[in-house]
Amino acid sequence: MNLTQFRQANFDALSAAVSYWDTLSGQMQGVELRLGPELSAPIKGQKWQGLSATMAGVRLDNVNKQLENAVTECRAIATVLSDVNGDLRKLRDELRGIDAEAAAKKLVIAPDGSVTWPPMPVSPGQEVTKEAGDRYTAEQRGHAEEIGRRIADLLRRANDADERGAAALRATRGKDPITFDSPNALGGGAEADAKRASDLFTRLSSLNPGELDLLRNLMQANSGDPNFAEALTRTMKPTGLYDATGLIAQMNARIAAGDKQDPRLADLKQLQTDLGNSLATASPRLVKDPAWMASMREAGREFVRVGDGDAYPGRATVYGYQLLGTLLGHGTYDTAFLRQTADEVIAFEKGAGKPSIWSTTLMPPPRFGLDLSRPGSGYDPMTGVLTAMSWNPEAAKGFFGDGGPARLDYLFKGRDPILDHIGGQGEPTSYDALGNALQAATTGRIPTGGVGLPDSPMLPHDDVMRRIAKDTVAYLGGRGGLHGAVPGDMSDSVANILSEYVDDTHRTLAGDSRGAKLFDEYDLIYATRGMSENPEAFRSLYNQELNYTAANLVTATTPSGARLEVEAGSGALGALDEIRTQVIKGQGSDSAAAKNWESKYLYHGLGGGANAVVGVALPGQLAFLGDFAQRRINLFTDGWYEDRTAEIAEQTSIDLERLHRENTGRLEGALRTWSETSPERGQPNFEVENEITMRHSMLNYGNGGERVRSTLGV
């Protein structure tokens with residue numbers, strides 16, 4: 001169905017067909033209700049016996065059964081047509097909206113769906129510059145491409161709705177074109193679609209391309225519908241969900257072995273995602289059903305065979321929980337469902353002890369992954385559990401808040417995280433997922449999955465969130481925990497947590513005695529040192545500290561308050577610079593590694609964290625913070641680093657002593673620039689107080705570095 005056909009479609013005729021079939025089902029039911037009392041009962045009531053009586057009874061029973069089937073099939077056809085009619089009418093209304101938008105933007109939609117625009121309107125005698133013409137063309141092209149994409153997507157959904165209806169009608173028709181005999185007269189609606197999808201998942205390995213496309217269609221069309229999701233998960237049961245997840249992985253591996261560009265691979269990946277999303281959508285209802293949750297637990301503890309045998313390049317016998325972990329990586333799960341599932345997975349692996357029970361499924365190592373969407377292969381179910389936690393900050397907060405330091409100790413040291421990458425390369429994927437879950441728990445926001453804070457508004461940090469943040473830093477940096485050995489895959493999450501808690505990070509690193517400190521200095525220095533092995537993570541935190549100090553200067557209400565902020569910021573920056581120095585020293589004689597760290601550190605520009613300093617500046621002030629920093633305090637500009645970039649690229653080693661002298665010299669210059677633009681300038685005692693501020697700031701900068709060296713024992 002193309003755009004012209006869709007525009008010309010007779011929806012009134014479709015509505016009439018719905019009405020006819022609905023009326024017919026009612027009439028058939030009326031005949032069915034009369035058959036018994038008006039025909040069957042009188043004949044049978046006469047105590048008629050013999051061969052003719054028997055044959056008549058059989059014939060009447062067949063007629064009654066046909067009428068029952070007729071009512072079912074007519075209703076099914078009516079509901080299917082009603083579903084298609086409703087879907088297509090919504091899409092027609094959507095198309096009218098697109099048409100109106102296109103007209104308002106002077107765009108022309110052709111019958112084939114292509115979108116064009118007229119020449120730039122020009123008044124008589126008006127001269128149009130090339131720049132203006134190019135600007136008009138670029139703007140209209142952007143509008144046209146957007147409208148074109150929306151029309152193409154709308155037509156795809158219209159054809160999907162048409163195909164869903166056609167497939168349902170074909171299934172309803174049955175094998176005999178004369179009698180009403182269809183056992184698949186499911187009709188329309190979410191539950192009927194769920195039963196069709198469940199049947200297709202059961203036959204997944206033998207589906208033809210059309211059936212595979214229909215399954216994708218059903219899953220996409222009902223995405224987010226709790227009635228469909230509940231019906232699907234209850235029909236398939238946990239065993240069916242796990243079997244389908246493993247079968248998808250198996251089929252993906254077999255097809256990819258022959259052709260990595262096969263279009264079926266994208267369909268299989270999407271089906272696995274849709275199946276996880278369906279379980280997530282149904283989770284608020286399923287968690288209220290103890291029997292279903294018990295069956296999920298029992299199926300999770302049983303083995304599921306994935307793979308075809310010796311002739312197949314790789315096979316695995318995995319626990320149901322490992323397949324559940326793959327599903328948990330998709331969608332947003334109910335908090336209670338997620339907490340109960342996490343507790344059950346942990347209880348199962350704890351009971352098995354070490355080595356990890358999940359590693360038994362990796363002998364011999366399989367050559368294909370279970371999870372088609374995320375890094376790693378999906379053989380560690382805790383990766384899925386923790387990924388789901390990162391998408392539900394409330395669940396993550398409860399999980400870590402209730403567990404306390406013991407929870408961290410178990411996740412880092414108590415369990416045996418497996419190297420579930422195919423080939424065993426890299427760190428366990430559970431560490432990255434753990435970092436994201438901790439970030440969600442401490443910030444209340446869904447992580448970006450990399451260095452940098454989310455764009456969503458920063459939320460107040462309640463007591464539980466702050467306690468989790470404190471416990472996390474204490475474990476990462478403290479002697480009883482990792483003592484600075486931060487897993488590399490967690491460094492981005494640690495930097496993001498410290499960046500969001502920049503007020504507490506700043507106060508501790510600065511040695512600021514004003515107010516209570518959330519983080520212990522020893523723990524924070526070691527945690528930051530470990531995190532800083534990742535130069536981009538370090539730079540992110542460093543930028544946030546620069547922005548935070550600048551914001552404090554903007555909002556200082558008195559000159560003396562501004563001086564205190566300069567002095568405190570100097571101490572924090574001195575500590576961070578020393579941590580950076582120790583990281584580069586830790587590279588030893590590997591000058592190439594040191595240069596690599598430095599080049600990555602220099603690569604990203606300042607400013608990304610300014611919008612994350614919420615609650616520090618007054619409304620509207622952060623809008624000009626970058627300009628303020630550039631003009632008034634050179635300390636907060638990339639000029640601090642840019643003039644060294646070319647030099648460092650040519651160095652064969654890093655002269656850390658010279659680097660330290662340069663940093664202190666630049667700080668002194670930045671402070672003098674700040675003082676030259678101070679509103680206090682010209683007031684009595686300004687020069688004296690200014691020199692005191694300068695000395696205190698430089699002293700604090702040095703003290704910050706000294707505290708780091710003392711803590712690290714260097």
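In this predicted model, the charged end of Arg407 sits over the ring of Phe399, 4.0 Å from the ring centre. A second such contact puts the charged end of Lys350 over the ring of Tyr410, at 4.8 Å from its centre. Rings also meet other rings here, with a count of 13 aromatic pairs.

**A tilted pair, Phe348 and Trp358**
- The ring centres of Phe348 and Trp358 are 5.8 Å apart and their planes meet at 50°, between the 30 and 60 degree cut-offs, so the pair is tilted.
- Phe348 belongs to helix H11 (residues 335-352) and Trp358 to the loop between H11 and helix H12 (381-390), so their pairing ties together parts 10 residues apart in sequence.
- Phe348 counts as buried because its relative accessible area of 12% is under 20%.
- Trp358 is buried too, at 0% relative accessibility.
- Both residues are members of one aromatic cluster, together with Phe303, Tyr319 and Tyr321.

**A stacked pair, Phe412 and Tyr431**
- Phe412 and Tyr431 are stacked, with 6.3 Å from centre to centre and 25° between the planes.
- This pair links distant parts of the chain, 19 residues apart: Phe412 is in helix H13 (residues 393-414) and Tyr431 in helix H14 (residues 429-443).
- Phe412 is buried at 7% relative accessible area, and Tyr431 is buried at 14%.

**Helix H5**
- Helix H5 covers residues 190-202; at 1.5 Å a residue, its 13 residues should span 18 Å, and the end C-alpha atoms are indeed 18 Å apart.
- Buried residues in H5 include Ala190, Asp193, Arg196, Leu200 and Phe201.

Note on methods: Residues are numbered from 1 along each chain as its sequence is written. This is a predicted model: local features need pLDDT of at least 70, side-chain atom pairs count only at pLDDT 80 or more; totals for chains, interfaces and linings use all residues. Side-chain values use heavy atoms; hydrogens and water are left out. Helices (H or I, at least four residues) and strands (E, at least two) are DSSP runs, numbered from the N terminus. The expected span of a helix is 1.5 Å times one less than its number of residues. Buried means under 20% relative accessible area, exposed over 50%, partly exposed in between (1.4 Å probe, protein chains only). Rings of Phe, Tyr and Trp (its six-membered ring) pair if their centres lie within 6.5 Å; planes under 30 degrees apart count as stacked, over 60 as edge-to-face and the rest as tilted. A charge sits over a ring if NZ of Lys or CZ of Arg is within 6 Å of the ring centre and within 35 degrees of the ring normal.
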